[in-house]
Amino acid sequence: MLNFFSYNDWILHSLVWIPIVGMVHVLWSPEERAKYLALGWSTVVLVLSLGLWWAYDPAINIGGYQLSSSHSWIRQWGASYSLGIDGISIFLVLLTTLTTPIAILGSFNYITKKEKSFYALMLLLEFGVIGVFTALDLFLFYVFFEMTLIPMYFIVGIWGGERRIYAAVKFFLYTAFGSLLMLVAILYLYLRAKTLTGVPSFAFIDLFQISLSPTEQIWLFSAFALAFAIKVPIFPFHTWLPDAHVEAPTPGSVVLAAVLLKMGTYGFVRFLLPLFPVASQHPTVVMIMMTLGVVGIIYAAWVAAVQPDAKKLVAYTSVAHMGFVVIGIFALNINGLQGGMLVMISHGISTGTLFLLLGMLYERRHTREIEDFGGLSLVAPWLATAFVITALASIGLPGTSGFVGEFLALLGAFESHPVIGGLATTGVIFAAYYMLPMVQRIHFNPLDKDKNSKIQDLSRREIIILAPMISLMIWIGVYPTPFLERMEPSVKAIIENVEASTSLNDSEDNKYEIISSVPELIIHTSNIDDNKIADHLNSDETVN
Amino acid sequence: MSNINLIQETGIGEGWEPLLPGLIILLPLLGFFINGVLALWEAKKSAAIIREGNEDTTAGLNSSKAHSWPGWIGPGVIGVAFVLTLINFVRMLEGEASEPIIREYWTWMATGSLEIAAAIQIDQLAIIMVLIITGIGFLIHIFSVGYMHGDPGYPRYFAYLNLFIFFMLILVMGSNYPVMFVGWEGVGLCSYLLIGYWFDQEEKASAGKKAFIVNRIGDFGFLLAVFLLFTNLGTFDYGSIFARGEEVFEYGGPLVTTITLFFLLAAVGKSAQIPLYIWLPDAMAGPTPVSALIHAATMVTAGVYLVARSSLLFAMAPVSSAIVAGIGVFTAFFAATIALKQYDIKKVLAYSTVSQLGYMFLGVGVGAYTAGFFHLITHAFFKALLFLGAGAVIHSMHYALHQTHKDWDAQDIRNMGGLRKCMPITWITMWIATLAISGIWPFAGFFSKDEIIWMTGSIAGADNAPYPGLYTVYWVMALVTAMLTVIYMTRLMIMAFHGMNRTGSKEFGHLHEAPKHMWIPLVVLAVFSVIGGWINVSKDIQQSFLGGFGNIPMAGWLHHWLEPVTESAHHIQEIHWGAISHSAPLGGGEVAWGALSTTAALIVLIVTVWMVRSDKISVATEDSDPRGLSKVIYNKWYVDEFYGHIFIRTLQRLSKFAWRIVDIKIIDRSVGIVAGGMRALGWLASLTQSGQVNTYAFIFTVGILLIFGIVIF
Amino acid sequence: MLPESLILSALIFVIGTMGVIVRRNVIIMFLCIELQLNAVNLTFVSLSRYLGIDGQVFVFFVMTVAAAEAAVGLAIIISIFRHYGSVDVDNFRMLKW
């Protein structure tokens, strides 16, 4: 059915470029129609993207990319415009296409000035993020990765709260700092690949095949990891996040939490494990990452619990959730990685919805202070119900999306590092400790403030926004198998690749590893001439 | 639903065919959805009224459909579920199958290395639990129709209650630990929602929150235990775990001890045992039928169910079992002392529940899984009855005080007295429950409690008992606690129902017997509080005068019934502990001690009646503050305050420290310092930019000269 | 002959350089720059005697450029004077910002 329209051939390109078409259309249209156009275009993207669910078949090309296509872009550098998805990126693409129209719909009342530019930027952001998740070329990836900064910078800086400039600059500089280090690492990797194969290429599949010495891996790993750690953010690189979230307008927060943070964790899964298998299972590295993840889980939960500002509270909970992702990934087993992936999806949905709900409260009361609310269940029961369900999904109640991911991630972490897994499991206690008091002080307790007693319940538009999100939370909680089975082959491939490198590289004596991996190289790369290898081997010592 | 293959594979089909087991679970869920929709509808209307500034939200709403339907739907679905269960139970009795029936509905989670099915398991243990849950649940639903009538959140109440039954059924019917965990947390959620049912009162909302957070500590233990099981056995299913447990784990080894201790943590949280019992007394903030259903009869017994379900693991870990028993008996004693000095009728019952749960823990801890489970059953009857009776009393008191606008506490037993005249049915049924909980022959509690105490004593005398001295101490404490139980319950009954009425003459006229909806469940429960114990009379007692010289038809039935579930655990225990003794530590057989304990209980009862002297009691507002030891007991040994200081405040301080110092002052500031450092460097460099052309020219010249110098020399 | 002319041009160049560095009057600084240019011209001319005609060709280029530069430079100075009422470089620090 889908293939009748040769869906597989054009879908990814249209997902990337339709937002740009929409952006141009929005910019050319009158101010008051901007939001409807933006909503329309992003809905088109959403509807089109839904076909991916069926178009992606986990049973074929196991662990590889699908729907992929490649066009030469900058031939001299070997940079190509190639797109494709696998079991890891498909859900992030879908998450993006889902959250964008919802965030746009959620900003109808919130955004009152310069609407045209705002919606154009939202579409530009969608373009960038889908690009990040579909790119199969490191150069293209980097371009998209950096490009997402620009719309977000303006969204925070123009439509944000009081300290918006500070937050926007902090967000921009902090994340740009990290990604510049990554750029250096990318260039090194590229040059290294060029020397080895003689053919310049940024394509993932080519880069994944080059063999690096453990020392190189550690250094490159650090550069990549820092960039992604800031983006995720992992403790202690998280301080930009609360500021950005608090100042950002509701739709900005939604997209930031639901999608932008995932670019960091996606980077971990997509690059760190396949590119640097030796480094990523080096005991010290694993220990550092796991520890940071656990500290993030516990520490962020504590900090969240004492926040007077509801939005800041939710922002800190993001850090805690991302901690679960990190420990899941660096558990380096299938359960952990699948759990981490599912936490990413679930966090996107539940935390995104929490920000939407807080935005709705802000529109009604013009405050984010938890103390200014109280007893809202009496006057806005539907809003309160949605809030409670979302909060419970966020703290991982079984039957909601949060549980499945956390359970698998914790189980995975526990399998490889019982102590770390055990410590991380205390996160379930602290999750209740930060979330329930907030729910109580906003929605329960006496209705003792006059302003609160006039609050309106959910409007029809708001119900339309919340309904799909809440249904998804329940669906993933009750029947996550369709998600898990789609991501399984890709996850398995990554894990197997990491494990295979153990036999290749003995972690004790890691100086001249590269020699033992030469046969591998010859198998993988087609057009090597022997002199190049000899040169490379001779120059190896100086490189190290 | 591809369940047919599965049944054939495991070859269970021979015994019996269950009738729609999934429907038993689905019906309460259906009720939840219908009532939930009604509740949302209702809430929307009352919200509109509040927004207009009208205080009385009940005005004009009671007559609406949303207020008459839930009263039918809520109990209705549970009633049908109960009937279904009963049919299945009868079939199971006839089928005499020992293998559990497993129905697998869909794959819940599956990664490459694990597979968890959304599957239910019906076996002897589960079906009894389901009977209790749906049966007592049904009665309590009916009671609630009367009790909650006129409450603005009527449909919401039934929605929560149905949801609770749904999760509770998942808890007991799940065929693997993760599915059990769904129910485990789900009942916690419902408990949270129902404790904080009147959410607009801060203390009630806080009590709900406290229950949830404390329960989550237990959930943490559950998760870790399950993880440990998985890493060692590679599965979550009961069947494979218990089949392979014996070969994988070493008897008394550290691994199985750790697993069982984590399970114990879970059980302690859910079943309100020391040190996590603190949430249960606060949970009395919820409506009284909720206390009866969740916080007495069903949910809090989940911990006992967990231990009974995992009996094989506990049998292999004698240390954990001893700790289970120790926690149980100590909690039983400790809570009983607190109950002695409480005045709130529900608080007394709450501590009594904690205490009785302690007995159940003692039972399962000493390896008498059937006895512990037996007490769970009888306790469900008489404690539900006590709570519902208390509910009837509170309902009546509340009405009377409301009629005369008297600002008194409707739950304080000092404000009651003489109620037997106006509430005869409640009075009689509650006395039956009191006699049952006091362990007086031939009421239900006698047989179950006696068996637990007896088993404790005989374990102490077993051939190779691991800690005979310890078990002797447990035995003595259990006996003492039994007497304390008699005291606090008799005190409650005398103060509430006997002597002169202290409510006030005007109010006394308004006190009335509970309506039909409410007293019928009381009577039904009272009947079971009498005969409920006869299903498991031990052999010695059955043959003696206490057992009617062998005329009780179902004696020893439960023991036999649960054998498929507990036999392997008993087997392990027999191998390692040897034969248990047939006399108590001080000598004497089971019949002698049974007769002695009943006599002692009766004597204590009479002494208590004489001691309480209800004419000397003053009402709550005029009563003097307790002093000395009774003050300490009245304030519950100050445990809440202790926890507040040690744990909660520390955690809050840590949190504030993490935020104000670590996050703002250290992490964010160091980010700021890096950024500031960059600015400082920029500023330094900008110093060279004087703006004076001459200076630039001078530097330029010097530079050229330097370059020349370097090139030339 | 050569050393003398080179020394002379060096002297003139140094005078010009010092003038640019020390003086504050834009006109004088401008003249000093012209002085430097002419010092270079002198070097070209004197060296062309030994190294061929190229040096003299260069001098013509320099003179042309210097003339153009003088026209533009003076125009700028005049407009600055009109704006600030002064030709003291200490007043012209706009570039710093």
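## Chains, contacts and a few unusual backbones

In this predicted model, chains A and C do not touch, and their nearest C-alpha atoms are 22 Å apart. Two pairs of chains are in contact, and chains A and B share the most contacts.

Let us begin with that pair. The contact between chain A and chain B draws on 53 residues from chain A and 48 residues from chain B. On the chain A side, the elements that give two or more residues include helix H14 (283–305), helix H16 (334–365), helix H20 (418–425) and helix H23 (481–504). Helix H21 (427–443) is also one of these elements, and H21(A) supplies the largest share, 7 residues. By class, the side of chain A that touches chain B has 32 nonpolar, 15 polar and 6 charged residues.

Chain C meets chain B through 9 residues of its own and 8 residues from chain B. The chain C side of that contact divides into 5 nonpolar, 1 polar and 3 charged residues.

Now for chain A itself, which has 26 helices and 2 strands. Its C-alpha trace spans about 80 × 55 × 45 Å along the principal axes. How does the radius of gyration of chain A agree with that of a compact globule? For 544 residues such a globule would have a value near 24 Å, and chain A has 23 Å, which agrees. Buried residues make up 62% of the 544 residues in chain A. Among contacts in chain A between residues at least 6 apart in sequence, 80% join residues at least 24 apart.

One helix pair in chain A offers a view of the packing. Helix H4 (residues 89–106) and helix H12 (residues 250–275) of chain A pack at an angle of about 165°, with their axes 8 Å apart. Because that angle is over 145 degrees, H4(A) is roughly antiparallel to H12(A). Their crossing is left-handed. Among the residues making the contact are A:Leu92, A:Leu95 and A:Ala103 of H4(A), together with A:Val254, A:Val255 and A:Tyr266 of H12(A). By class, this contact has 10 nonpolar, 5 polar and 1 charged residues.

Chain C has a residue worth a look too. C:Ile77 lies in helix H3 (residues 54–84) of chain C. Is C:Ile77 buried, exposed or partly exposed? It has 16 C-beta neighbours inside 10 Å, so C:Ile77 counts as partly exposed. Leaving aside neighbours within four places in sequence, C:Ile77 is in contact with C:Val26, C:Ile27, C:Phe30 and C:Val87. C:Val26 is 51 residues from C:Ile77 in sequence, yet their C-alpha atoms are 7.3 Å apart in space.

Finally, the backbone. Most residues other than glycine have a negative phi, and most peptide bonds are trans. The table lists some exceptions.

| Place | Feature | Value |
|---|---|---|
| A:Phe235 to A:Pro236 | cis peptide bond | omega near 0° |
| B:Ile274 to B:Pro275 | cis peptide bond | omega near 5° |
| A:Leu332 | positive phi | about 55° |
| A:His366 | positive phi | about 55° |

These sites sit in loops. A:Pro236 lies between helix H10 (214–231) and helix H11 (240–247) of chain A, and B:Pro275 lies between helix H9 (254–270) and helix H10 (279–282) of chain B. A:Leu332 is in the loop between helix H15 (310–330) and H16 of chain A, while A:His366 is in the loop between H16 and H17 of chain A. A:Leu332 is buried, with 23 other C-beta atoms within 10 Å, whereas A:His366 is exposed, with 9 other C-beta atoms within 10 Å.

Key: Residues are numbered from 1 along each chain as its sequence is written. Chains are lettered from A and ligands numbered from 1 in the order in which they are written. This is a predicted model: local features need pLDDT of at least 70, side-chain atom pairs count only at pLDDT 80 or more; totals for chains, interfaces and linings use all residues. Two residues are in contact if their C-beta atoms, placed from the backbone, lie within 7 Å. Ala, Val, Leu, Ile, Met, Phe, Trp, Tyr, Cys and Pro count as nonpolar, Asp, Glu, Lys and Arg as charged, and the others, Gly among them, as polar. Helices (H or I, at least four residues) and strands (E, at least two) are DSSP runs, numbered from the N terminus. Axes are lines fitted to C-alpha atoms, for helices over the stretch in contact, and angles run from 0 to 180 degrees between N-to-C directions. Angles under 35 degrees count as roughly parallel, over 145 as roughly antiparallel, 65 to 115 as roughly perpendicular and the rest as oblique. A crossing is left-handed if the near helix is turned anticlockwise from the far one by less than a right angle, and right-handed if clockwise. The radius of gyration is taken over C-alpha atoms; the globule rule is 2.2 Å times the number of residues to the power 0.38. A residue is buried if 20 or more other C-beta atoms lie within 10 Å of its own, exposed if 12 or fewer, and partly exposed in between; C-beta atoms are placed from the backbone.
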